[in-house]
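Got the viewer open? Let's take a walk through this model, one selection at a time.

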Amino acid sequence: MTTILRTPKGWPSILLARAGAKDPTDLDAAVAAGAFVGFRKAVHDLGPAGVTATIAASGLRGRGGAGFPTGEKWRAAAAVDAPRRYVVANGYGADPAVLTDRTLLETDPYAVIEGLAIAAIAIDADEAFIAVRTEAVEAIRRLEAAIGAAEEAGFIGPDVLGTGRSLTIRVRPVQGAYMLGEETVLLKALEGKRGQPEQRPPFPAERGLFGMPTVVQNVQTLAAVPWIIVNGPEAFAAIGSKASPGTILVAVRGPAGAGIAEVPIGTPLRDIVALAGGPKRARDDGGGAGTGSAALKAVLVGGPSGGLLPPDLLDTPYEFDALREVGAHIGSGSIVAADQRACIVDLARLLTRFCADEACGKTIPCRIGTRRIREIGDRIAIGVPRPTDLQLLADLSADVVASALCDHERLATLPYASGMRYFRSELDDHILRSSCPAGVCRPIAVAAGAAH
(Lines give C-alpha, C1' and ligand atoms only; values in the text may rest on other atoms or scores of the structure.)
Protein backbone atom coordinates (compact mmCIF):
# COMPACT_ATOMS: atom_id res chain seq x y z
CA MET A 1 0.00 0.00 0.00
CA THR A 2 1.30 3.44 -0.94
CA THR A 3 2.09 5.74 1.98
CA ILE A 4 -0.42 8.55 2.46
CA LEU A 5 1.49 11.56 3.71
CA ARG A 6 0.26 13.66 6.60
CA THR A 7 -0.84 17.15 5.65
CA PRO A 8 -1.31 20.30 7.75
CA LYS A 9 -4.40 20.33 9.94
CA GLY A 10 -6.09 23.15 8.04
CA TRP A 11 -5.98 21.45 4.66
CA PRO A 12 -9.35 20.04 3.54
CA SER A 13 -9.82 16.39 2.64
CA ILE A 14 -12.33 15.53 -0.07
CA LEU A 15 -10.79 12.67 -2.05
CA LEU A 16 -9.18 10.82 0.85
CA ALA A 17 -11.76 11.60 3.54
CA ARG A 18 -12.73 7.93 3.86
CA ALA A 19 -9.26 6.53 3.16
CA GLY A 20 -8.90 5.10 6.67
CA ALA A 21 -11.79 2.64 6.34
CA LYS A 22 -10.97 -0.86 7.55
CA ASP A 23 -12.76 -2.41 4.57
CA PRO A 24 -13.24 0.03 1.66
CA THR A 25 -15.76 -2.34 0.04
CA ASP A 26 -18.10 -2.35 3.09
CA LEU A 27 -21.14 -0.53 1.68
CA ASP A 28 -22.88 -0.10 5.04
CA ALA A 29 -19.81 1.57 6.51
CA ALA A 30 -19.41 3.77 3.45
CA VAL A 31 -23.08 4.82 3.55
CA ALA A 32 -22.76 5.60 7.26
CA ALA A 33 -19.79 7.81 6.36
CA GLY A 34 -21.81 9.70 3.73
CA ALA A 35 -21.59 7.65 0.53
CA PHE A 36 -24.46 7.97 -1.98
CA VAL A 37 -26.05 10.96 -0.21
CA GLY A 38 -25.04 13.07 -3.20
CA PHE A 39 -26.35 10.46 -5.61
CA ARG A 40 -29.77 10.42 -3.96
CA LYS A 41 -29.89 14.20 -4.16
CA ALA A 42 -28.85 14.13 -7.83
CA VAL A 43 -31.53 11.58 -8.74
CA HIS A 44 -34.46 12.79 -6.65
CA ASP A 45 -33.88 16.55 -6.32
CA LEU A 46 -31.60 18.00 -8.97
CA GLY A 47 -32.10 15.94 -12.12
CA PRO A 48 -29.70 16.03 -15.10
CA ALA A 49 -29.82 19.79 -15.73
CA GLY A 50 -29.51 20.64 -12.04
CA VAL A 51 -26.54 18.30 -11.57
CA THR A 52 -24.67 19.78 -14.52
CA ALA A 53 -25.43 23.34 -13.41
CA THR A 54 -24.13 22.56 -9.91
CA ILE A 55 -20.88 21.07 -11.21
CA ALA A 56 -20.38 23.96 -13.62
CA ALA A 57 -20.95 26.51 -10.85
CA SER A 58 -18.37 24.77 -8.63
CA GLY A 59 -15.58 25.40 -11.13
CA LEU A 60 -14.46 21.76 -11.06
CA ARG A 61 -11.78 21.11 -13.68
CA GLY A 62 -10.58 17.73 -14.90
CA ARG A 63 -7.79 16.24 -12.79
CA GLY A 64 -6.32 14.24 -15.66
CA GLY A 65 -3.78 16.95 -16.48
CA ALA A 66 -5.50 19.20 -19.02
CA GLY A 67 -7.82 20.89 -16.51
CA PHE A 68 -10.85 21.18 -18.83
CA PRO A 69 -14.04 22.49 -17.12
CA THR A 70 -16.13 19.47 -16.14
CA GLY A 71 -19.55 21.09 -16.40
CA GLU A 72 -18.80 22.29 -19.93
CA LYS A 73 -17.87 18.75 -21.00
CA TRP A 74 -21.07 17.31 -19.53
CA ARG A 75 -23.24 19.93 -21.25
CA ALA A 76 -21.59 19.17 -24.59
CA ALA A 77 -22.26 15.42 -24.27
CA ALA A 78 -25.87 15.90 -23.18
CA ALA A 79 -26.58 18.28 -26.07
CA VAL A 80 -25.72 15.74 -28.81
CA ASP A 81 -28.69 13.92 -30.29
CA ALA A 82 -27.66 10.26 -30.02
CA PRO A 83 -29.25 6.89 -29.15
CA ARG A 84 -26.68 6.17 -26.43
CA ARG A 85 -24.16 7.96 -24.26
CA TYR A 86 -21.29 6.67 -22.15
CA VAL A 87 -19.22 7.78 -19.18
CA VAL A 88 -15.66 6.48 -18.78
CA ALA A 89 -13.68 6.83 -15.57
CA ASN A 90 -10.00 6.97 -16.43
CA GLY A 91 -8.17 5.20 -13.63
CA TYR A 92 -5.42 3.83 -15.85
CA GLY A 93 -2.67 5.91 -14.24
CA ALA A 94 -0.37 6.21 -17.25
CA ASP A 95 2.75 7.17 -15.28
CA PRO A 96 4.06 3.85 -13.89
CA ALA A 97 5.78 5.62 -10.99
CA VAL A 98 2.68 7.50 -9.78
CA LEU A 99 -0.04 5.63 -7.91
CA THR A 100 -2.43 8.46 -7.06
CA ASP A 101 -5.39 7.12 -9.04
CA ARG A 102 -4.79 3.54 -7.93
CA THR A 103 -4.58 4.64 -4.31
CA LEU A 104 -7.95 6.39 -4.61
CA LEU A 105 -9.55 3.34 -6.23
CA GLU A 106 -8.21 1.06 -3.51
CA THR A 107 -9.04 3.26 -0.52
CA ASP A 108 -12.48 4.57 -1.57
CA PRO A 109 -13.99 2.80 -4.60
CA TYR A 110 -17.46 4.07 -3.67
CA ALA A 111 -16.43 7.70 -4.18
CA VAL A 112 -15.50 6.95 -7.79
CA ILE A 113 -18.56 4.77 -8.39
CA GLU A 114 -20.89 7.42 -6.97
CA GLY A 115 -19.29 10.21 -8.99
CA LEU A 116 -19.48 8.07 -12.11
CA ALA A 117 -23.16 7.36 -11.48
CA ILE A 118 -23.91 11.07 -11.00
CA ALA A 119 -22.14 11.88 -14.27
CA ALA A 120 -24.26 9.23 -15.99
CA ILE A 121 -27.41 10.85 -14.61
CA ALA A 122 -26.24 14.24 -15.85
CA ILE A 123 -25.76 13.15 -19.48
CA ASP A 124 -28.51 10.50 -19.52
CA ALA A 125 -26.14 7.54 -19.96
CA ASP A 126 -27.15 4.04 -18.94
CA GLU A 127 -23.71 2.45 -19.29
CA ALA A 128 -20.38 3.43 -17.76
CA PHE A 129 -16.88 1.98 -17.53
CA ILE A 130 -13.96 2.24 -15.13
CA ALA A 131 -10.65 1.74 -16.96
CA VAL A 132 -7.88 0.35 -14.74
CA ARG A 133 -4.44 -1.09 -15.36
CA THR A 134 -4.52 -4.86 -15.70
CA GLU A 135 -1.84 -5.24 -13.02
CA ALA A 136 -3.82 -3.17 -10.48
CA VAL A 137 -5.25 -6.41 -9.10
CA GLU A 138 -6.33 -5.08 -5.71
CA ALA A 139 -8.02 -2.02 -7.18
CA ILE A 140 -9.92 -4.22 -9.65
CA ARG A 141 -10.99 -6.61 -6.89
CA ARG A 142 -12.29 -3.82 -4.67
CA LEU A 143 -14.06 -2.03 -7.50
CA GLU A 144 -15.85 -5.18 -8.60
CA ALA A 145 -16.87 -5.96 -5.03
CA ALA A 146 -18.12 -2.41 -4.50
CA ILE A 147 -20.06 -2.40 -7.78
CA GLY A 148 -21.69 -5.69 -6.81
CA ALA A 149 -22.73 -4.32 -3.42
CA ALA A 150 -24.05 -1.10 -4.97
CA GLU A 151 -26.13 -3.09 -7.46
CA GLU A 152 -27.56 -5.30 -4.72
CA ALA A 153 -28.53 -2.21 -2.73
CA GLY A 154 -30.27 -0.65 -5.74
CA PHE A 155 -27.95 2.35 -6.19
CA ILE A 156 -27.09 1.12 -9.68
CA GLY A 157 -28.42 -1.67 -11.86
CA PRO A 158 -31.77 -2.19 -13.63
CA ASP A 159 -33.80 0.00 -11.25
CA VAL A 160 -31.75 2.90 -9.88
CA LEU A 161 -33.20 3.99 -6.52
CA GLY A 162 -36.63 2.79 -7.62
CA THR A 163 -36.81 5.24 -10.52
CA GLY A 164 -37.06 2.60 -13.23
CA ARG A 165 -33.95 3.84 -15.01
CA SER A 166 -31.03 1.51 -15.66
CA LEU A 167 -27.33 2.08 -15.05
CA THR A 168 -24.66 -0.54 -15.63
CA ILE A 169 -21.08 0.06 -14.45
CA ARG A 170 -18.29 -2.26 -15.55
CA VAL A 171 -14.60 -2.46 -14.67
CA ARG A 172 -12.44 -2.71 -17.79
CA PRO A 173 -8.82 -3.74 -17.17
CA VAL A 174 -6.60 -2.37 -19.96
CA GLN A 175 -2.94 -2.80 -20.74
CA GLY A 176 -0.74 -0.68 -22.92
CA ALA A 177 1.79 2.11 -23.04
CA TYR A 178 2.01 5.55 -21.45
CA MET A 179 -0.18 6.88 -24.28
CA LEU A 180 -3.28 5.29 -22.72
CA GLY A 181 -3.51 8.29 -20.43
CA GLU A 182 -4.77 10.32 -23.43
CA GLU A 183 -8.55 10.06 -23.65
CA THR A 184 -8.92 9.21 -27.34
CA VAL A 185 -6.22 6.52 -27.02
CA LEU A 186 -8.01 5.05 -24.01
CA LEU A 187 -11.28 4.92 -25.91
CA LYS A 188 -9.56 3.06 -28.75
CA ALA A 189 -8.23 0.53 -26.25
CA LEU A 190 -11.72 0.04 -24.78
CA GLU A 191 -12.98 -0.68 -28.29
CA GLY A 192 -10.26 -3.30 -28.76
CA LYS A 193 -8.42 -1.20 -31.34
CA ARG A 194 -4.83 0.00 -31.62
CA GLY A 195 -4.14 2.71 -29.08
CA GLN A 196 -3.41 5.85 -31.07
CA PRO A 197 -4.80 9.37 -30.65
CA GLU A 198 -7.48 10.84 -32.87
CA GLN A 199 -7.65 14.30 -34.38
CA ARG A 200 -9.86 16.64 -32.33
CA PRO A 201 -12.46 18.02 -32.97
CA PRO A 202 -14.72 16.14 -32.84
CA PHE A 203 -14.11 15.65 -29.14
CA PRO A 204 -15.20 12.50 -27.30
CA ALA A 205 -18.11 14.42 -25.77
CA GLU A 206 -19.47 14.66 -29.33
CA ARG A 207 -18.22 11.37 -30.78
CA GLY A 208 -16.37 9.01 -28.52
CA LEU A 209 -16.75 5.37 -27.50
CA PHE A 210 -18.33 3.36 -30.34
CA GLY A 211 -19.05 6.66 -32.08
CA MET A 212 -21.38 7.85 -29.31
CA PRO A 213 -21.09 10.95 -27.06
CA THR A 214 -18.75 10.03 -24.23
CA VAL A 215 -17.62 11.83 -21.10
CA VAL A 216 -14.12 10.75 -20.08
CA GLN A 217 -13.06 11.90 -16.61
CA ASN A 218 -10.15 11.11 -14.37
CA VAL A 219 -11.22 9.16 -11.28
CA GLN A 220 -10.17 12.06 -9.03
CA THR A 221 -12.55 14.37 -10.87
CA LEU A 222 -15.43 11.97 -10.40
CA ALA A 223 -14.63 11.36 -6.72
CA ALA A 224 -15.04 15.10 -6.05
CA VAL A 225 -18.51 15.21 -7.63
CA PRO A 226 -20.52 13.71 -4.70
CA TRP A 227 -18.91 16.16 -2.26
CA ILE A 228 -19.94 19.07 -4.48
CA ILE A 229 -23.53 17.86 -4.78
CA VAL A 230 -23.83 17.46 -0.99
CA ASN A 231 -21.98 20.58 0.16
CA GLY A 232 -22.83 22.92 -2.70
CA PRO A 233 -20.76 24.54 -5.45
CA GLU A 234 -19.93 27.58 -3.33
CA ALA A 235 -18.23 25.47 -0.67
CA PHE A 236 -16.12 23.73 -3.29
CA ALA A 237 -15.24 26.98 -5.06
CA ALA A 238 -13.94 28.35 -1.74
CA ILE A 239 -11.25 25.62 -1.61
CA GLY A 240 -8.03 25.95 -3.56
CA SER A 241 -7.46 28.66 -6.13
CA LYS A 242 -10.10 30.81 -7.78
CA ALA A 243 -9.22 29.53 -11.27
CA SER A 244 -8.95 25.88 -10.16
CA PRO A 245 -11.01 25.11 -7.04
CA GLY A 246 -10.82 21.98 -4.95
CA THR A 247 -8.12 19.48 -4.05
CA ILE A 248 -5.95 17.08 -6.02
CA LEU A 249 -3.78 14.07 -5.25
CA VAL A 250 -0.04 14.39 -5.75
CA ALA A 251 2.80 11.88 -5.59
CA VAL A 252 5.69 13.56 -3.78
CA ARG A 253 9.23 12.25 -3.61
CA GLY A 254 11.80 13.96 -1.41
CA PRO A 255 14.82 13.13 0.76
CA ALA A 256 12.63 11.82 3.59
CA GLY A 257 10.78 9.38 1.36
CA ALA A 258 7.75 9.38 -0.90
CA GLY A 259 3.99 9.14 -0.71
CA ILE A 260 0.59 10.40 -1.82
CA ALA A 261 -0.96 13.58 -0.46
CA GLU A 262 -4.20 15.46 -1.03
CA VAL A 263 -3.46 19.15 -1.44
CA PRO A 264 -5.60 22.21 -2.24
CA ILE A 265 -4.95 23.31 -5.81
CA GLY A 266 -2.92 26.50 -5.71
CA THR A 267 -0.73 25.35 -2.82
CA PRO A 268 2.85 26.62 -3.33
CA LEU A 269 5.26 23.95 -4.56
CA ARG A 270 7.42 24.67 -1.53
CA ASP A 271 4.70 23.45 0.85
CA ILE A 272 4.07 20.31 -1.18
CA VAL A 273 7.74 19.35 -1.40
CA ALA A 274 8.00 19.87 2.37
CA LEU A 275 5.49 17.03 2.91
CA ALA A 276 8.25 14.59 1.94
CA GLY A 277 10.94 16.38 3.91
CA GLY A 278 11.89 18.49 0.95
CA PRO A 279 15.40 19.95 0.92
CA LYS A 280 15.81 23.64 1.59
CA ARG A 281 16.85 26.20 -0.96
CA ALA A 282 20.53 25.88 -1.95
CA ARG A 283 22.91 28.19 -0.06
CA ASP A 284 25.06 30.65 -1.95
CA ASP A 285 28.14 28.61 -1.16
CA GLY A 286 26.52 25.51 -2.71
CA GLY A 287 26.58 23.61 0.56
CA GLY A 288 23.95 21.15 1.68
CA ALA A 289 20.88 22.16 3.59
CA GLY A 290 18.87 20.06 5.95
CA THR A 291 19.95 17.11 7.96
CA GLY A 292 21.79 14.58 5.84
CA SER A 293 20.65 15.99 2.52
CA ALA A 294 22.23 17.91 -0.33
CA ALA A 295 20.77 21.27 -1.30
CA LEU A 296 17.79 21.41 -3.62
CA LYS A 297 18.73 21.80 -7.24
CA ALA A 298 15.52 21.29 -9.19
CA VAL A 299 11.94 20.11 -8.86
CA LEU A 300 10.47 17.93 -11.59
CA VAL A 301 6.76 18.75 -11.88
CA GLY A 302 4.46 16.72 -14.11
CA GLY A 303 6.06 13.30 -14.51
CA PRO A 304 8.16 12.09 -17.49
CA SER A 305 6.97 14.97 -19.66
CA GLY A 306 7.20 17.49 -16.86
CA GLY A 307 9.21 20.64 -16.41
CA LEU A 308 12.40 21.06 -14.37
CA LEU A 309 12.02 24.11 -12.15
CA PRO A 310 14.75 25.83 -10.09
CA PRO A 311 14.48 26.50 -6.32
CA ASP A 312 13.57 30.16 -6.83
CA LEU A 313 10.27 29.04 -8.37
CA LEU A 314 9.17 27.01 -5.36
CA ASP A 315 6.58 29.64 -4.53
CA THR A 316 4.77 28.89 -7.80
CA PRO A 317 1.19 27.75 -7.08
CA TYR A 318 0.48 24.13 -7.95
CA GLU A 319 -2.25 25.10 -10.38
CA PHE A 320 -2.92 24.41 -14.06
CA ASP A 321 -2.35 27.87 -15.49
CA ALA A 322 0.43 28.97 -13.14
CA LEU A 323 2.50 25.87 -13.90
CA ARG A 324 2.09 26.30 -17.65
CA GLU A 325 3.45 29.83 -17.36
CA VAL A 326 6.72 28.59 -15.84
CA GLY A 327 7.15 25.65 -18.22
CA ALA A 328 5.66 22.74 -16.26
CA HIS A 329 2.24 21.15 -15.86
CA ILE A 330 0.24 19.03 -13.43
CA GLY A 331 0.41 16.02 -15.72
CA SER A 332 0.50 12.76 -13.79
CA GLY A 333 0.55 14.54 -10.43
CA SER A 334 4.21 13.78 -9.78
CA ILE A 335 6.55 16.11 -7.90
CA VAL A 336 10.17 15.01 -7.46
CA ALA A 337 12.79 17.02 -5.59
CA ALA A 338 16.29 16.61 -7.04
CA ASP A 339 19.35 17.68 -5.08
CA GLN A 340 22.78 18.84 -6.23
CA ARG A 341 23.84 15.29 -7.05
CA ALA A 342 21.46 15.26 -10.03
CA CYS A 343 22.59 16.27 -13.50
CA ILE A 344 19.98 18.29 -15.39
CA VAL A 345 21.28 17.08 -18.77
CA ASP A 346 21.19 13.45 -17.72
CA LEU A 347 17.75 13.82 -16.10
CA ALA A 348 16.26 15.52 -19.17
CA ARG A 349 17.88 12.86 -21.33
CA LEU A 350 16.29 10.06 -19.29
CA LEU A 351 12.85 11.67 -19.35
CA THR A 352 12.98 12.40 -23.07
CA ARG A 353 14.10 8.85 -23.83
CA PHE A 354 11.07 7.52 -21.93
CA CYS A 355 8.71 9.84 -23.81
CA ALA A 356 10.25 8.90 -27.17
CA ASP A 357 10.04 5.19 -26.42
CA GLU A 358 6.40 5.51 -25.31
CA ALA A 359 5.34 7.58 -28.34
CA CYS A 360 2.83 5.74 -30.54
CA GLY A 361 4.43 6.82 -33.82
CA LYS A 362 1.24 7.89 -35.58
CA THR A 363 2.62 11.25 -36.70
CA ILE A 364 6.05 12.44 -37.80
CA PRO A 365 6.56 14.68 -34.73
CA CYS A 366 5.77 11.65 -32.57
CA ARG A 367 7.68 9.04 -34.57
CA ILE A 368 10.75 11.06 -35.55
CA GLY A 369 10.77 14.40 -33.75
CA THR A 370 10.90 13.02 -30.21
CA ARG A 371 13.70 10.64 -31.19
CA ARG A 372 15.77 13.42 -32.76
CA ILE A 373 15.40 15.41 -29.52
CA ARG A 374 16.61 12.37 -27.60
CA GLU A 375 19.60 11.97 -29.94
CA ILE A 376 20.65 15.59 -29.43
CA GLY A 377 20.51 15.05 -25.68
CA ASP A 378 22.64 11.92 -26.01
CA ARG A 379 25.30 13.86 -27.91
CA ILE A 380 25.38 16.58 -25.28
CA ALA A 381 25.63 14.10 -22.41
CA ILE A 382 28.56 12.12 -23.84
CA GLY A 383 30.49 15.21 -24.88
CA VAL A 384 30.22 15.09 -28.67
CA PRO A 385 27.68 17.85 -29.40
CA ARG A 386 27.52 19.83 -32.62
CA PRO A 387 27.97 23.61 -32.45
CA THR A 388 24.36 24.23 -33.40
CA ASP A 389 22.79 21.61 -31.11
CA LEU A 390 21.13 23.97 -28.63
CA GLN A 391 19.55 26.04 -31.40
CA LEU A 392 18.55 22.83 -33.17
CA LEU A 393 17.04 21.54 -29.93
CA ALA A 394 15.00 24.72 -29.50
CA ASP A 395 13.86 24.81 -33.14
CA LEU A 396 12.96 21.12 -33.25
CA SER A 397 11.02 21.37 -29.98
CA ALA A 398 9.04 24.32 -31.35
CA ASP A 399 8.26 22.38 -34.53
CA VAL A 400 7.07 19.34 -32.55
CA VAL A 401 4.82 21.47 -30.35
CA ALA A 402 3.35 23.31 -33.34
CA SER A 403 2.57 20.20 -35.41
CA ALA A 404 1.78 17.57 -32.74
CA LEU A 405 -1.45 15.60 -32.80
CA CYS A 406 -1.70 15.09 -29.04
CA ASP A 407 -0.31 16.44 -25.78
CA HIS A 408 2.19 13.60 -25.42
CA GLU A 409 4.26 15.00 -28.28
CA ARG A 410 3.87 18.59 -27.15
CA LEU A 411 4.79 17.92 -23.56
CA ALA A 412 7.67 15.56 -24.38
CA THR A 413 9.69 18.67 -25.21
CA LEU A 414 9.37 20.14 -21.71
CA PRO A 415 12.34 18.48 -19.93
CA TYR A 416 14.89 19.99 -22.32
CA ALA A 417 12.89 23.19 -22.88
CA SER A 418 12.82 23.88 -19.14
CA GLY A 419 16.46 22.76 -18.84
CA MET A 420 17.54 25.34 -21.42
CA ARG A 421 15.36 27.99 -19.79
CA TYR A 422 16.54 27.59 -16.20
CA PHE A 423 19.75 25.55 -16.28
CA ARG A 424 21.53 26.85 -19.38
CA SER A 425 24.90 27.03 -17.62
CA GLU A 426 24.82 23.30 -16.97
CA LEU A 427 24.18 22.56 -20.65
CA ASP A 428 27.02 24.95 -21.55
CA ASP A 429 29.35 23.06 -19.20
CA HIS A 430 28.64 19.87 -21.09
CA ILE A 431 28.90 21.44 -24.53
CA LEU A 432 31.69 23.99 -24.17
CA ARG A 433 33.82 22.41 -21.45
CA SER A 434 33.01 18.71 -21.80
CA SER A 435 32.35 18.53 -18.09
CA CYS A 436 29.44 17.49 -15.89
CA PRO A 437 29.25 19.62 -12.70
CA ALA A 438 27.31 16.87 -10.92
CA GLY A 439 29.80 14.18 -11.93
CA VAL A 440 27.05 12.02 -13.38
CA CYS A 441 27.93 12.16 -17.07
CA ARG A 442 31.34 11.16 -18.37
CA PRO A 443 31.76 13.40 -21.41
CA ILE A 444 34.47 12.52 -23.88
CA ALA A 445 37.32 15.01 -23.61
CA VAL A 446 37.65 16.92 -26.86
CA ALA A 447 40.89 18.76 -27.65
CA ALA A 448 40.61 22.50 -28.13
CA GLY A 449 39.92 23.39 -31.73
CA ALA A 450 38.86 19.85 -32.65
CA ALA A 451 35.95 19.61 -35.03
CA HIS A 452 32.71 18.13 -33.79
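**Stop one: a pocket and its lining**

The lining of the second largest pocket is made up of 17 nonpolar, four polar and two charged residues. Keep in mind throughout that you're looking at a predicted model. The volume of this pocket is about 490 Å³. To find the middle, select Asp-95, Ala-97, Arg-253, Ser-334 and Val-336, which are the closest to the pocket's centre among the 23 lining residues. Next, colour β5 (247-254), β6 (257-264), β9 (334-339) and α12 (344-358): each of them gives at least two residues to the lining.

**Stop two: the nonpolar cores**

In soluble globular proteins, nonpolar side chains tend to be buried together. Here, the largest nonpolar core has 65 residues. Try selecting Phe-36, Phe-39, Trp-74, Val-87, Ile-130, Val-132 and Ile-169, the members that touch the most others. Then show helix α5 (residues 109-123), which brings twelve residues, the largest share of this core. A separate core holds 26 residues, including Leu-5, Ile-248, Leu-323 and Ile-330.

Now zoom in on Phe-36. Which residues is Phe-36 in contact with, leaving aside its neighbours within four places in sequence? You'll find Leu-27, Val-31, Tyr-110, Ile-113, Glu-114, Ala-150 and Phe-155 there.

**Stop three: charged pairs**

Side chains of opposite charge can pair when their charged atoms come close. There are 26 salt bridges to hunt for in this model.

Start with Glu-183 and Lys-73, whose closest N and O atoms are 3.8 Å apart. Glu-183 sits in helix α7 (residues 183-190) and Lys-73 in helix α3 (residues 70-79), so this salt bridge ties together parts that are 110 residues apart in sequence. Are these two buried or exposed? Both Glu-183 and Lys-73 are buried.

Move on to Arg-379 and Asp-389, a salt bridge with its closest N and O atoms 2.6 Å apart. This pair links helix α13 (residues 364-382), home of Arg-379, to helix α14 (residues 389-403), where you'll see Asp-389. Arg-379 counts as buried because its relative accessible area, 16%, is under 20%. Asp-389 is buried too, at 0%.

While you're at it, select Arg-61, Glu-319, Asp-321 and Arg-324, which are joined into one network by salt bridges that share partners.

**Last stop: Gly-439**

Finish in the segment after α17 (424-432), where Gly-439 lies. Gly-439 is partly exposed, with a relative accessible area of 35%. Draw a distance back to Lys-73: the C-alpha atoms of Gly-439 and Lys-73 are 49 Å apart, and the two residues are 366 apart in sequence.

Conventions. Residues are numbered from 1 along each chain as its sequence is written. This is a predicted model: local features need pLDDT of at least 70, side-chain atom pairs count only at pLDDT 80 or more; totals for chains, interfaces and linings use all residues. Side-chain values use heavy atoms; hydrogens and water are left out. On a 1 Å grid over the protein atoms alone, a cavity is a set of points where a 1.4 Å probe fits but cannot get out, and a pocket is an open set with protein on both sides within 12 Å along at least five of seven lines; lining residues have an atom within 4 Å of a point. Grid points are joined across faces, edges and corners, and a volume is the space filled by probe spheres set on the points. Helices (H or I, at least four residues) and strands (E, at least two) are DSSP runs, numbered from the N terminus. Ala, Val, Leu, Ile, Met, Phe, Trp, Tyr, Cys and Pro count as nonpolar, Asp, Glu, Lys and Arg as charged, and the others, Gly among them, as polar. Buried means under 20% relative accessible area, exposed over 50%, partly exposed in between (1.4 Å probe, protein chains only). A nonpolar core is a set of buried Ala, Val, Leu, Ile, Met, Phe, Trp, Tyr and Cys residues joined through side-chain atoms within 4.5 Å. Contact means heavy atoms within 4.5 Å. A salt bridge is a side-chain nitrogen of Lys or Arg within 4 Å of a carboxyl oxygen of Asp or Glu.
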